[in-house]
Amino acid sequence: MLWYSRDALVSALAIQLPSWRCHVPRAGVVLWVELPGIGATRVVAHTLDAGLRLIPGPRFTADGTGDRWLRLPFTMPTNEVDLMLAVLKEAADRSASGVESPNGISSWIA
């Protein structure tokens, strides 16, 4: 059943955030998405403002690099994919415009 959610997320991502790139995994429960010129750490801080908690790519590297990558789970119901992407789009727009989030994520633990 998870592949339904994966496919729903991949399809919606291609339509709603076409400049964001990903490879469709054959297994697992997450999609790694490459962001175009914005940092995942800042985007994730803005998603938290809307109640969506995600973990940016640098949390999965030993040296903290990988800020162009965002880890998106596809374990949510397919009817919530559009809502998650709307939050992500708003967060990305705010991040790209230089708006600072009151939520810092330096203390988060992955």
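**Exercise 1. Locate S95 in this predicted model and decide whether it is buried or exposed.**

Solution. Step 1: S95 belongs to helix α3. Step 2: its relative accessible area is 8%. Step 3: buried means under 20% relative accessible area, so S95 is buried. Step 4: with neighbours within four places in sequence left aside, the contacts of S95 are G39, R42, V43 and H46.

**Exercise 2. Determine how the axes of α2 and α3 are arranged, and give the handedness of their crossing.**

Solution. Step 1: helix α2 spans residues 40-49 and helix α3 spans residues 81-96. Step 2: the two axes come within 8 Å and cross at roughly 125°. Step 3: this angle makes α2 oblique to α3. Step 4: the α2 and α3 crossing is right-handed.

**Exercise 3. List the residues through which α2 and α3 meet, and sort them by class.**

Solution. Step 1: on the α2 side, the residues are R42, V43, H46, T47 and D49. Step 2: on the α3 side, they are V87, L88, A91, A92, R94 and S95. Step 3: by class, this contact has 5 nonpolar, 3 polar and 3 charged residues. Step 4: as background to the spacing of such residues, an α-helix has 3.6 residues a turn, so residues three or four places apart point the same way.

**Exercise 4. State which residues of α2 are buried and what covers them.**

Solution. Step 1: the buried residues of α2 are A40, V43, V44, A45, H46 and T47. Step 2: their cover includes β3 (55-56), β4 and α3. Step 3: just after α2, G51 adopts a positive phi of about 90°.

**Exercise 5. Describe the largest nonpolar core and identify the element that supplies its largest share.**

Solution. Step 1: the core has 26 residues. Step 2: the residues with the most contacts inside it are L9, W20, L35, L70, L72, L85 and L88. Step 3: at least two core residues come from each of α1 (2-16), β2 (30-34), α2, β4 (69-73) and α3. Step 4: α3 supplies the largest share, 7 residues. Step 5: for one of the residues named in step 2, L35, the contacts beyond four places in sequence are W20, A40, V43, R68 and L70.

**Exercise 6. Characterise K89: its element, its exposure and its contacts.**

Solution. Step 1: K89 lies in helix α3. Step 2: its relative accessible area is 38%. Step 3: partly exposed residues fall between the 20% and 50% limits, so K89 is partly exposed. Step 4: apart from neighbours within four places in sequence, K89 is in contact with Q16 and L17. Step 5: K89 and T47 are 42 residues apart along the chain, and their C-alpha atoms are separated by 9.2 Å.

**Exercise 7. Classify L17 and P18 by exposure, and place each in the chain.**

Solution. Step 1: L17 is found in the loop between α1 and β1 (21-22), and P18 is found in the loop between α1 and β1. Step 2: L17 has a relative accessible area of 7% and is buried. Step 3: P18, at 47% relative accessibility, counts as partly exposed. Step 4: leaving aside neighbours within four places in sequence, L17 is in contact with A12, L85, L88 and K89. Step 5: the C-alpha atoms of L17 and L35, 18 residues apart along the chain, are separated by 9.6 Å. Step 6: for P18 and A92, 74 residues apart along the chain, the C-alpha separation is 13 Å.

How values were computed: Residues are numbered from 1 along each chain as its sequence is written. This is a predicted model: local features need pLDDT of at least 70, side-chain atom pairs count only at pLDDT 80 or more; totals for chains, interfaces and linings use all residues. Side-chain values use heavy atoms; hydrogens and water are left out. Axes are lines fitted to C-alpha atoms, for helices over the stretch in contact, and angles run from 0 to 180 degrees between N-to-C directions. Helices (H or I, at least four residues) and strands (E, at least two) are DSSP runs, numbered from the N terminus. Angles under 35 degrees count as roughly parallel, over 145 as roughly antiparallel, 65 to 115 as roughly perpendicular and the rest as oblique. A crossing is left-handed if the near helix is turned anticlockwise from the far one by less than a right angle, and right-handed if clockwise. Contact means heavy atoms within 4.5 Å. Ala, Val, Leu, Ile, Met, Phe, Trp, Tyr, Cys and Pro count as nonpolar, Asp, Glu, Lys and Arg as charged, and the others, Gly among them, as polar. A nonpolar core is a set of buried Ala, Val, Leu, Ile, Met, Phe, Trp, Tyr and Cys residues joined through side-chain atoms within 4.5 Å. Buried means under 20% relative accessible area, exposed over 50%, partly exposed in between (1.4 Å probe, protein chains only).
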